[in-house]
Amino acid sequence: MKDKSALPLKGMESILATVSGYHGAERFNLIRLISRTGASYVGSMNQSVTHLVCWKFEGRKYELAKKFKITIVNHRWIEECVKKGKRVSEEPYTSQSGEETGPLCLDVGLGINQRSARSRALKNTKEPVIDIECEDIYDPAWTDSLLFDEPSAIVCCRCFSREPEDLLIRCNFCQTRCVHSYCLDPPLLPWTCVHCKDLQMLYLHSR
């Protein structure tokens with residue numbers, strides 16, 4: 001089922017995008033803009049992702065995007081696609097980070113079907129999903145281990161360690177992302193991961 005409020009823009013249907021370094025209302029607005037174009041958004045990184053929208057050219061998602069040869073752009077590319085009503089060239093938006101270009105200018109209200117967005121994002125891919133939340137601190141040892149040696153390993157999304165395993169808490173919604181109880185500050189339970197919070201916000205705004 002397609003998001004009825006999406007435009008969609010010609011050429012954007014094949015885009016599978018994720019974001020890095022954006023927080024709060026700006027992160028939420030950027031996700032809405034991506035969905036508004038008819039592209040798909042996912043909070044996790046895998047080799048099926050086609051575009052990474054970066055606030056800063058740093059962090060785990062940025063390093064993985066370079067390794068996978070994924071197109072890295074700033075948010076102006078998404079905004080320009082919306083303004084022009086079509087997919088524009090990414091090249092002018094690859095040399096500067098989002099921070100260098102300034103905050104988002106567009107704010108588009110829309111709804112999104114979270115089930116269809118996630119199924120489109122992960123359909124027909126056998127690549128390991130790398131669940132990376134908004135804290136973009138790059139840890140090569142963790143990334144390489146999780147991506148290539150232990151794709152199904154369960155690790156804390158804050159400290160990136162599996163041990164002590166008995167203190168790992170699963171996300172109340174997706175039941176796949178985990179965090180150690182002592183890594184939560186404040187220690188609020190039940191815990192919801194950032195990716196599921198994004199989807200909840202999008203769902204509530206679509207009603």
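**Note on the predicted model: helix H3, core, sheet and aromatic pairs**

1. Helix H3 is followed by Gly-85, whose phi is positive, near 75 degrees. This is a predicted model, and the points below should be read as such.

2. At the other end, the start of H3, Asn-74 places a side-chain oxygen within 2.9 Å of the backbone nitrogen of Arg-76.

3. H3 is largely enclosed by the rest of the structure, because 8 of its 10 residues are buried. The buried residues are His-75, Arg-76, Trp-77, Ile-78, Glu-79, Glu-80, Cys-81 and Val-82, so charged side-chain types such as Arg-76 and the two Glu residues are listed along with Trp-77 and Ile-78. The packing partners of these buried residues are H1, strand E3 (51–54), strand E4 (71–73) and helix H4 (98–101).4. The largest nonpolar core has 22 residues, and those touching the most other members are Leu-30, Ile-34, Val-53 and Trp-77. Strand E1 (16–20), helix H1 (24–36) and helix H3 (75–84) each supply at least two residues of this core. In soluble globular proteins, nonpolar side chains tend to be buried together.

5. What is Val-53 in contact with, leaving aside its neighbours within four places in sequence? The contacts are Thr-18, Val-19, Ser-20, Tyr-22, Leu-30, Ile-34, Val-73, Asn-74, His-75 and Ile-78.

6. The sheet is open and has 4 strands in the order E2-E1-E3-E4, with parallel pairing. Strand E2 (40–41) and E4 stand at the edges with a single partner strand each, so one side of each has no neighbour in the sheet. E1 and E2 run parallel and are joined by 2 bridges; Leu-16 stands opposite Ser-40 in E2. Helix H2 packs on the sheet, where it touches E1, E3 and E4, and its direction makes about 145 degrees with that of E3.

7. The count of aromatic pairs comes to 2. In one of them, the ring centres of Tyr-22 and Trp-55 are 5.5 Å apart and the planes are at 65 degrees, so the pair is edge-to-face. Tyr-22 lies in the loop between E1 and H1, and Trp-55 in the loop between E3 and helix H2 (60–68), so the pair ties together parts that are 33 residues apart in sequence. Tyr-22 is buried, with a relative accessible area of 1%.

8. Phe-57 and Tyr-62 form a stacked aromatic pair, 5.6 Å centre to centre with 15 degrees between the planes. Are these two rings on buried or exposed residues? Phe-57 counts as partly exposed at 28% relative accessibility, whereas Tyr-62, at 14%, counts as buried.

Technical notes: Residues numbered from 1 in each chain as written. Predicted model: local features only at pLDDT ≥ 70, side-chain atom pairs only at ≥ 80, totals over all residues. Heavy atoms only, no water. Core = buried A, V, L, I, M, F, W, Y, C linked by side-chain atoms within 4.5 Å. Buried < 20%, exposed > 50% of the residue type's maximum accessible area, 1.4 Å probe, protein only. Contact = heavy atoms within 4.5 Å. Polar contact = N/O pair within 3.5 Å; in protein donor to acceptor, adjacent residues only side chain to side chain. Phe/Tyr/Trp six-rings, centres within 6.5 Å; stacked < 30°, edge-to-face > 60°. Pairing = 2+ DSSP bridges. Axes fitted to C-alpha atoms, helices over the stretch in contact; angles between N-to-C directions.
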